[in-house]
Amino acid sequence: CYEEAGKPAIVNEKTKKAAELINEIYEQDDCGVGGYAHIVVDDWNLDDSSIDFCINAANEGGYDISEEGKQACLNCLNYLKELSEDERYSAMAINKQFLTV
């Protein structure tokens, strides 16, 4: 996915913060595969509609995910919404260590 997106390499405060927020999701006991943000942070679906889908799923609840896990997902997803798509790919690449900071 990263290569198909052209390997954007934006390293700035926004992309570093987004990478940290992605990591915070995985630090939750019940979010090992990305929790409510799975299709975004695990599958690299970084378009607005995928992010919106995950935000709506988290707001609706229904999965066996703690409140802390839900909040970590929402914090990350809402932050990613503020970034350009290239910044989103860059943040993912930082998080997955394709890019070094």
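This short talk concerns the salt bridges of this structure and the contact between two of its helices.

Good morning. The model is a predicted one, in which local features need pLDDT of at least 70, side-chain atom pairs count only at pLDDT 80 or more, and totals for chains, interfaces and linings use all residues. Residues are numbered from 1 along each chain as its sequence is written, and side-chain values use heavy atoms, with hydrogens and water left out.

Let me begin with charge. Side chains of opposite charge can pair when their charged atoms come close. A salt bridge here is a side-chain nitrogen of Lys or Arg within 4 Å of a carboxyl oxygen of Asp or Glu. How many salt bridges does this rule give? The count is 4, and I shall discuss three pairs, including Glu 13 with Lys 16.

In that pair, the closest N and O atoms are 3.3 Å apart. Both residues belong to helix H1, residues 13-26, and stand 3 residues apart, about one turn of the helix. Helices are DSSP runs of H or I with at least four residues, strands are runs of E with at least two, and both are numbered from the N terminus. Glu 13 is exposed at 59% relative accessible area, whereas Lys 16, at 28%, is partly exposed. For these words, buried means under 20% relative accessible area, exposed over 50%, and partly exposed in between, using a 1.4 Å probe and protein chains only.

Next, Lys 14 and Glu 87 form a salt bridge at 3.1 Å, N to O. Lys 14 lies in helix H1 and Glu 87 in helix H5 (residues 85-95), so this pair ties together parts 73 residues apart in sequence. Is Glu 87 buried or exposed? Glu 87 is buried, with a relative accessible area of 9%, while Lys 14 is partly exposed at 37%.

The next pair is Lys 81 with Asp 52, at 2.8 Å from N to O. This pair links distant parts of the chain, 29 residues apart: Lys 81 in helix H4 (residues 67-81) and Asp 52 in helix H3 (residues 48-60).

That brings us to H3 and H4 themselves. Their axes, lines fitted to C-alpha atoms over the stretch in contact, with angles from 0 to 180 degrees between N-to-C directions, come within 10 Å and cross at roughly 155°. H3 is therefore roughly antiparallel to H4, a term for angles over 145 degrees. Among the residues in contact (heavy atoms within 4.5 Å) are Asp 52 and Ile 55 of H3, and Leu 77 and Lys 81 of H4.

Thank you.

How values were computed
Angles under 35 degrees count as roughly parallel, over 145 as roughly antiparallel, 65 to 115 as roughly perpendicular and the rest as oblique.
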